[in-house]
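Trainee: I would love a guided look at one part of this model, with enough of the surroundings to place it. Could you walk me through it?

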Amino acid sequence: MSRLRRVLILVTTVAVVAGLALGGGAVWLYSDAKVSTAGSTSFGNELAVPPLAKSRVKPDGTRVFDLTMQSGHKEFIQGKKTPTWGFNGDYLGPTLRAARGEKVEVKVANRLGEASTVHWHGMHLPAAMDGGPHQMVAPGQTWTPHWTVDQPAASLWYHPHPHGRTEKHVQRGLAGMFLLDDERSAGLALPKTYGVDDLPVIVQDVRFDGAEFDHGHRLMSDTGFLGDRTMVNGTLDPYAEVRDERVRLRLLNASTARVYAFGFSDGREFSLIGTDGGLLEQAVPMERIRLSPGERAEIVVRMEPGEKTVLRSFPPRDLGEGWQKRFNGGDDTFDVLQLRAHRELRPSPQVPDRLGGLELPDASDAVRGRFFGLRTSGINGRKMDMARIDETVTRGETEIWTVRNEHGTPHNFHVHDVQFRVLEVDGERPPAELRGAKDTVFVPGRTTVKLAVRFDGPSDPDVPYMYHCHLLYHEDLGMMGQFVVVDKGQKAGRVHVPDGHQGH
Ligand SMILES: [Cu+2]
């Protein structure tokens with residue numbers, strides 16, 4: 001054999017072996033990326049229900065809550081103590097509850113080793129009370145925002161919002177629900193006994209490495225952290241006992257990157273009664289509801305005496321094709337929560353068909369349009385800058401916001417201070433699940449959504465609100481912008497950037 005021929009054989013052999021190894025690795029990565037806990041979940045733990053937060057009422061009628069951010073340990077898995085963060089406890093926080101028209105005040109104390117914030121997701125309030133990255137609470141300090149609740153009954157939530165570190169702070173356990181009530185919701189024949197036939201369902205995906213959380217991002221995923229199992233209200237393998245014919249589930253996707261498509265293992269229908277910002281005009285029968293990070297849905301499900309069913313997340317649509325879909329969780333299935341009905345169930349009234357009117361802006365009133373182009377690298381080609389005001393909005397004017405996902409990576413879009421109306425998804429009337437009040441909307445790759453938004457004030461030219469992708473890894477990378485609400489004819493002011501945030 002000539003020397004050249006020997007070299008050629010050697011080179012070819014090396015190339016084939018390397019190719020096989022790479023191919024094998026790719027096949028392994030691909031098949032390892034698919035996760036399913038369907039049918040293999042033990043449901044051995046009774047669902048924890050976050051306690052209702054205690055409050056006191058000051059002489060002027062203000063309802064006062066206390067929230068303390070603290071570190072701790074929680075035994076998610078028997079015999080293993082996981083280091084965690086929580087509000088007033090080891091993991092997650094109590095459920096705050098207030099009625100429309102009430103003045104509220106929250107004393108937010110930080111007993112962590114680092115600064116954080118608490119943002120009231122979905123709440124209409126002054127910018128200085130919003131808890132965004134400009135309202136940092138230093139370790140040892142207390143921040144006391146106050147506002148008047150002035151929006152319909154809804155399932156809102158609270159979580160930290162420090163620029164660049166939100167993903168970590170939420171994953172460690174800082175999140176809780178904030179329920180709002182009003183006269184209309186109180187008068188409707190809906191399940192409404194908290195913790196009995198009206199359950200908060202805070203869904204998070206997690207991965208454990210021994211006793212510790214493993215928050216590492218998987219190779220190939222461009223959306224952020226994806227866990228290999230789910231928990232509800234901090235309970236792994238949860239079941240809930242049901243003693244009523246109908247149970248209301250307030251679903252919150254509190255995961256940092258995972259999109260869920262909730263339904264039931266036996267395919268039963270449920271009634272969708274509410275979205276992010278409150279009740280729909282009419283209950284809608286459905287079999288699946290898709291929620292991206294930060295979104296909520298209120299559903300009512302009917303149970304027969306003695307039966308069991310499982311709230312399951314099925315593979316969600318629109319997470320890309322092929323590899324991208326696989327690595328973004330588009331093939332994943334989770335058994336989320338088992339419902340166990342007692343042999344005897346208390347009768348529940350039928351879900352009313354009409355739930356009431358929406359308080360949302362109409363496209364016909366719009367006086368201006370704005371465009372938001374989404375890419376992981378930034379919104380409208382710019383990374384978040386805490387010193388830059390990106391948009392100046394006039395108080396009380398309806399606008400149409402066109403949000404376009406300009407590439408293939410899934411994103412969503414959250415706007416602070418308001419509930420908006422989704423007008424269109426790729427030029428079509430939105431599906432029923434997007435026809436209610438929304439503050440966060442899923443924007444799949446190369447998709448355009450149009451929103452009607454209106455900011456009713458108060459104005460504050462110096463303190464911005466945020467709009468951003470609520471996939472927290474993307475938000476932390478800089479997929480966020482700032483807007484101020486001004487009175488007609490007023491100009492945006494100068495943003496004061498808090499210590500420790502210069503350079504972001
Ligand atoms: Cu994103």
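What radius of gyration would a compact globule of 504 residues have, and what does the chain have? After that, please take a close look at strand S35 (residues 480-486).

Mentor: Happy to! Please keep in mind that this is a predicted model, in which local features need pLDDT of at least 70, side-chain atom pairs count only at pLDDT 80 or more, and totals for chains, interfaces and linings use all residues. Residues are numbered from 1 along each chain as its sequence is written.

A compact globule of 504 residues would have a radius of gyration near 23 Å, and the chain agrees with this at 24 Å. That radius is taken over C-alpha atoms, and the globule rule is 2.2 Å times the number of residues to the power 0.38. Along the principal axes, the C-alpha atoms fill a box of roughly 100 × 65 × 50 Å. The chain contains 5 helices and 35 strands, which are DSSP runs numbered from the N terminus (H or I, at least four residues, for helices; E, at least two, for strands). Its domain assignment, automatic or from a database, gives domain 1 (1-33), domain 2 (46-179), domain 3 (198-346) and domain 4 (363-486).

Now to your strand. In S35, 7 of the 7 residues are buried, so the strand is largely enclosed by the rest of the structure. Buried here means 20 or more other C-beta atoms within 10 Å of a residue's own, while 12 or fewer would make it exposed and anything in between partly exposed; the C-beta atoms are placed from the backbone. Met 480, Gln 482, Val 484 and Val 486 point one way from S35, and Gly 481, Phe 483 and Val 485 point the other way. For the chain, 46% of the 504 residues count as buried.

Next come its partners. Strands of a sheet pair through backbone hydrogen bonds, either parallel or antiparallel, and pairing is called when DSSP finds at least two bridges between two strands. S35 shows both senses: strand S28 (residues 391-394) runs parallel to S35, joined by 4 bridges, whereas strand S34 (residues 465-468) pairs with S35 in the antiparallel sense, also over 4 bridges. On the S28 side, Val 393 has Val 485 as its bridge partner. On the S34 side, His 468 is matched with Met 480.

There is also an open sheet of 5 strands, with mixed pairing in the order S27-S26-S29-S33-S31. Strand S27 (378-379) and strand S31 (421-425) stand at its edges with a single partner strand each, so one side of each has no neighbour in the sheet. S31 is joined to strand S33 (residues 448-454) by 4 bridges, and the two run antiparallel. Within that pair, Glu 424 has Lys 450 in S33 as its bridge partner.

Finally, a buried residue of another kind, for contrast with a strand. Arg 172 sits in the loop between helix H2 (166-171) and S11, and this residue is buried, with 20 other C-beta atoms within 10 Å. Leaving out residues up to four places away in sequence, Arg 172 touches Thr 84 and Trp 85, where contact means C-beta atoms, placed from the backbone, within 7 Å. Among contacts in the chain between residues at least 6 apart in sequence, 80% join residues at least 24 apart.

Terms used:
Two residues are in contact if their C-beta atoms, placed from the backbone, lie within 7 Å.
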